[in-house]
Amino acid sequence: MGPGDLQDVLSRLANQRHPDLLVGLEHSDDAAVYRLNQQQAVIQTVDFFPPLVDDPYQYGMVAAANAMSDVYAMGGRVLLALNVAGFPRDFPREVIGRIFQGGADKVAEAGGVLAGGHTVVDPEPKYGLSVTGVVHPDRIMIKGGLRPGDRLFLSKPLGTGVVATAAKKDRAAAVHVDAAVQSMLRLNRGAAEACMELGVTGCTDVTGFGLLGHGSEMVLASAAGLHIRAAAVPLLPGALDYAEQGLFAGGLGRNRKHLESLAAEGRLRLRCGASVPKALFHLCCDSETSGGLLFSAPSTAQVTERFARAGEAVWDVGEVTAEPEIVVE
C-alpha cells in the first residue's frame, strides 16, 4: 500500500491512548512502543512481502532482516520473532522449510529467538516476521527527533528496488544483484548501536516509501526540514544505470505522488535542483527493502569515527534545516 493510501486508511482509526503507550498510531513511526516500567519498554512491529530473490533461503533472510529493521530504527534490541507467512496449497514443503530456516538464522544472528508463527493459504508466497524488541523508555529514537543544524546521515546505499526490478526482467548483471542482496542481508543492528552511543534522537529506516518518503515522515513529525546533497547519496552498483533505463516498480509512482500531494497541501516544500539527474531523484523516491538508517547528529567526525570503529558504513548526505521542506540539489 502506498504512503498516501495508508495515511488515508489510518486516519479513519481512533487513536488508542494509554499512559504507557509511548509510540502508537498517532506518531506514524516505525514501530509501536509500550512502557513496562521505568527501565524497559517493549517494541512491536510486523512486516512481510513476496519473494524478491530466487533463492528461498536468501528470501527468508532478507525478509527477516527487513522486519527486524524497525526495531533497530527505534533504538531497540531484538528479543523474539514469530513467522508470518502465506503459501499456495501445493507449494513445495522443502522450499517453505528453506525460507523458514533463512528467517530463523537471521533472527539468531540478531541475538533473538524465533518462537512460532502463523501461516495461511495464499496464491502468492509471502513471508516475514512479527518482531518484539526492548528499549529504554528514555532512549527511543523516533522520526520526530530531528534537530535543525544537525548533519544528515544514511547507513546503506540506495538501489535495492531498481536492482530487484531489473533482475525480475532478466536485465540485471549478476554482480549487481549479489551486491543488492548482500546489502539487504546486512542487519541494521551495528548501525543502531552506534546511533544509540552517539545519542541520536531522530531516526528511521529506509524501506517501502523510499528515502524521500520516509524523510517526509521525519519532516512532518519533527517540524524541521531535510537538505539532501544528491551527489553524496550512496548508490548500489548498477542502480543509476537501471534507473536511467526506467526499471522501476509501482512503488516509485505511489511514493512520488504522495510527496507531491504533501507539497500541494502546503504541508512541506519540495524542491529538486535543476542539476540533479532525473534518474537520481527517482532513486531517492523508489521503494527499498531492508535499507539503511536515516538519522541526524551534530558532528560528522564523531559519527564517522564511531561507525568506523563498529565496522559499519555511513554517509553524510546533507543537513537538517529549520523549515518543513525537502530539498535535493
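**Close-up views of a predicted model**

**View 1. Glu265 and its partner Arg267.** Glu265 counts as exposed because its relative accessible area is 54%, over the 50% mark. This is a predicted model, so please read each view with that in mind. The side chain of Glu265 meets that of Arg267 in a salt bridge, with 4.0 Å from N to O. Arg267 itself is partly exposed, at 34% relative accessibility. If you like to keep a tally, the structure holds 17 salt bridges.

**View 2. Arg269 and Glu325, a salt bridge between two strands.** Here the closest N and O atoms of Arg269 and Glu325 are 2.5 Å apart. The pair links distant parts of the chain: Arg269 belongs to strand S10 (residues 269-272) and Glu325 to strand S13 (residues 325-328), with their positions 56 residues apart in sequence. Look at the surroundings of each partner, too. Arg269 is partly exposed at 43% relative accessibility, whereas Glu325 is buried, with a relative accessible area of 9%.

**View 3. Arg271 and Glu329, with a salt-bridge network elsewhere.** Arg271 and Glu329 bring their side chains together in a salt bridge of 3.1 Å, N to O. This pair also links distant parts of the chain, 58 residues apart, with Arg271 in strand S10 and Glu329 in the segment after S13. Glu329 is partly exposed at 37% relative accessibility, and Arg271 is partly exposed with a relative accessible area of 34%. For a network, turn to Arg151, Arg229, Asp316 and Glu319, which are joined by salt bridges that share partners.

**View 4. Asp70, a buried acid without a salt bridge.** Asp70 sits in helix H2 (residues 56-73). Although buried, Asp70 has no salt bridge, and the nearest side chain of opposite charge, that of Lys143, is 7.5 Å away. That separation rules out a salt bridge with Lys143, because the nitrogen and the carboxyl oxygen would have to be within 4 Å. What Asp70 does have is a side-chain polar contact of 3.0 Å with Thr45. Beyond its neighbours within four places in sequence, Asp70 is in contact with Asp30, Ala31, Thr45 and Asp205.

**View 5. A nonpolar patch on the surface.** Four residues make up this patch: Leu79, Leu80, Leu82 and Val113, with about 290 Å² of accessible area together. Strand S4 (residues 77-87) supplies the largest share, three residues. Leu80 lies in that strand and is partly exposed, at a relative accessible area of 35%.

**View 6. Asp170 and Ser290, two non-glycine residues with positive phi.** Asp170 has a phi of about 60° although it is not a glycine. Its place is in the loop between helix H4 (160-168) and helix H5 (174-185). Asp170 is exposed, with a relative accessible area of 72%. Ser290 is not a glycine either, yet has a positive phi of about 50°. The loop that holds Ser290 runs between helix H10 (278-285) and strand S11 (293-297). Ser290 is buried, with a relative accessible area of 1%.

**View 7. Ala249 and Gly161, apart in sequence.** Ala249 is in the loop between helix H8 (239-244) and helix H9 (250-264). A relative accessible area of 43% makes Ala249 partly exposed. Follow the backbone from Ala249 to Gly161 and you cover a separation of 88 residues in sequence, while the two C-alpha atoms are 7.4 Å apart in space.

How values were computed
Residues are numbered from 1 along each chain as its sequence is written. This is a predicted model: local features need pLDDT of at least 70, side-chain atom pairs count only at pLDDT 80 or more; totals for chains, interfaces and linings use all residues. Side-chain values use heavy atoms; hydrogens and water are left out. Helices (H or I, at least four residues) and strands (E, at least two) are DSSP runs, numbered from the N terminus. Buried means under 20% relative accessible area, exposed over 50%, partly exposed in between (1.4 Å probe, protein chains only). Lys and Arg count as positive and Asp and Glu as negative; His and the chain ends are not counted. A polar contact is a pair of N or O atoms within 3.5 Å; within protein, one must be able to donate a hydrogen and the other to accept it, and residues adjacent in sequence count only if both atoms are side-chain atoms. Contact means heavy atoms within 4.5 Å. Patches are made of residues with over 30% relative accessible area and no salt bridge: like charges are joined within 9 Å, nonpolar side chains (Val, Leu, Ile, Met, Phe, Trp, Tyr) within 5 Å. Accessible areas come from the Shrake-Rupley method with a 1.4 Å probe; for residues, only the protein chains shown count as cover.
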